[in-house]
Amino acid sequence: MPADRATASPPSDAGPALHAAGSRPCSADGFADESPAPGPTGRLTRRDWLLGQLGLAFGSAGMAAPALAQSATPGPDDARWVAAWAVAERDYRQQMVAPGWPTRPPRVFNDQTVRLRVQVALGGRQWRVRLSNRWALEPLLIDQATLGLSTGGAALSPRSIVPLRFDGQAGLTLAPGATRWSDPVRFTARAGQSLALSYHLARPFALAAGYPITREGGAGWVMPGDQCAQAQPREAQALDWAPALSALDVQAARDTRLLVAFGDSLTDGGGAGDPQLGSYPLRLAARVRDLRPAVSVVNAGIGGNRLLRDGVADSALKRFERDVLRQSGVTHVLMLIGINDIGFGRMNGELSPLAPAAQLADPPQLIAGFEQLMAAARARGVQVLLGTLLPFGGAATWSEENERTRQAVNRWIRGRQDVAAVVDFDAALRDAAVPQRLRADFDSGDHLHPNAAGMAAMADAVDLGELRE
């Protein structure tokens, strides 16, 4: 993909429109960002650039950034914002939606500090953080926030901790349904390092938008009082849900690529086994770490997600705009989704009489769903990689009819000439003797989710040359 060239310095406030005319076949999520989300070019606005230069000039009083052996931060003429980490948000209160399953009980934080650790796929020296209050019923009030380098557990490198600002202020009030970017901050980190966002909630707040902490290298803690600047926090209690944080952007060279891995638990990596061993997007991020132009890989998978229907979070059709097309600097998307649509309503080969007919999916419906996502991506200049559906013979949701559906969808995917690439995950992981099953050495044990070796094979199946286009 050709690099987008800036023509003025500092950059103009007139960035690309969030939605190209006629380019939204996907359902809208109904929520608007308080500040405009960057389009595929991730162009820096004049305000972002000026704030970034102030950070470069003055830094943070009493806080020195750790040394980093890499090129200097690009200037406004040749830089753009690119997601170094991002997540597919979901609603804390709606994670268990199957009949008879309990939903998560309400949880309220008050006068507590939340610290969230994530691993970034791209390095740099200018950063910004996106906070989200989607699905909430009340405002999110944060009076202090910091960013720092993790040294293990909840601890941070003391010299790395920098305060965050929001429109020049130490805190912010985020309305229900809104998202907000922090001001750019001077901060040095390398690709593969773990960063930690800390923020203090001075008033009661019930958890809403966030993600489950089952991701590789990720962790979270809650601590009493305001401990945002504490390198060694006291009374840190582990969290199983990470609230509010939805993305970390870094200022990167304009030709930097961003691949969003989009899918279900096969992408998320938390469906089976130990997610700390690494999902295929995390392993792919390690593979591309030394590529030039630079490539960032972020994981937008949600376990249990379906292409066509809501259930565990919004359907892929509904969330594609939010979780892929609004990521800063997105250039490529790798789609691997549909196995939960195929398996829905069947158990041990039998179709449940309780499964509504409208919730079932056949090949024409799944293909139409893929075409809808592909059209949305093309309209925004995003290149599409399609992944074939993995074998799942032996899993509880497998049946001969479901296998026929999977094979029909995979034939259609393999025949696509209108995408950047087909990633044949099926061929890479199937058992040569029993092709409807995963290879035994790639099977986590449930015959649906790959183990660590299988995830590595998935990452290796991606042709890195396609990411240079």
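In the predicted model, strand β1, which spans residues 79–86, is mostly covered, with 8 of its 8 residues buried. Strand β1 pairs with strand β18, formed by residues 245–253, and the two run in the antiparallel sense over 7 bridges. Within this pairing, valine 82 has valine 250 of β18 as its bridge partner.

Both members of this bridge recur in the surroundings of leucine 122. This residue lies in the loop between β4 (112–119) and β5 (124–132). The relative accessible area of leucine 122 is 7%, and the residue is therefore classed as buried, the cut-off being under 20%. Beyond its neighbours within four places in sequence, leucine 122 is in contact with Val82 and Val250, and also with Ala84, Trp127, Ala191, Ala252, Thr256, Ala294, Val295 and Ser296. For one of these contacts, alanine 191, the C-alpha to C-alpha distance from leucine 122 is 4.2 Å, although 69 residues separate the two in sequence.

The confidence of the prediction was also examined along the chain. The protein averages a pLDDT of 83, and 79% of the residues score at least 70. Over residues 1–44, however, the pLDDT is below 50; this stretch nevertheless has 108 contacts in the model beyond near neighbours in sequence. The pLDDT likewise stays under 50 over residues 46–73, for which the model has 51 contacts beyond four places in sequence.

Technical notes. Residues are numbered from 1 along each chain as its sequence is written. This is a predicted model: local features need pLDDT of at least 70, side-chain atom pairs count only at pLDDT 80 or more; totals for chains, interfaces and linings use all residues. Side-chain values use heavy atoms; hydrogens and water are left out. pLDDT is the predictor's confidence in each residue, from 0 to 100. Contact means heavy atoms within 4.5 Å. Buried means under 20% relative accessible area, exposed over 50%, partly exposed in between (1.4 Å probe, protein chains only). Helices (H or I, at least four residues) and strands (E, at least two) are DSSP runs, numbered from the N terminus. Two strands pair if DSSP finds at least two bridges between them.
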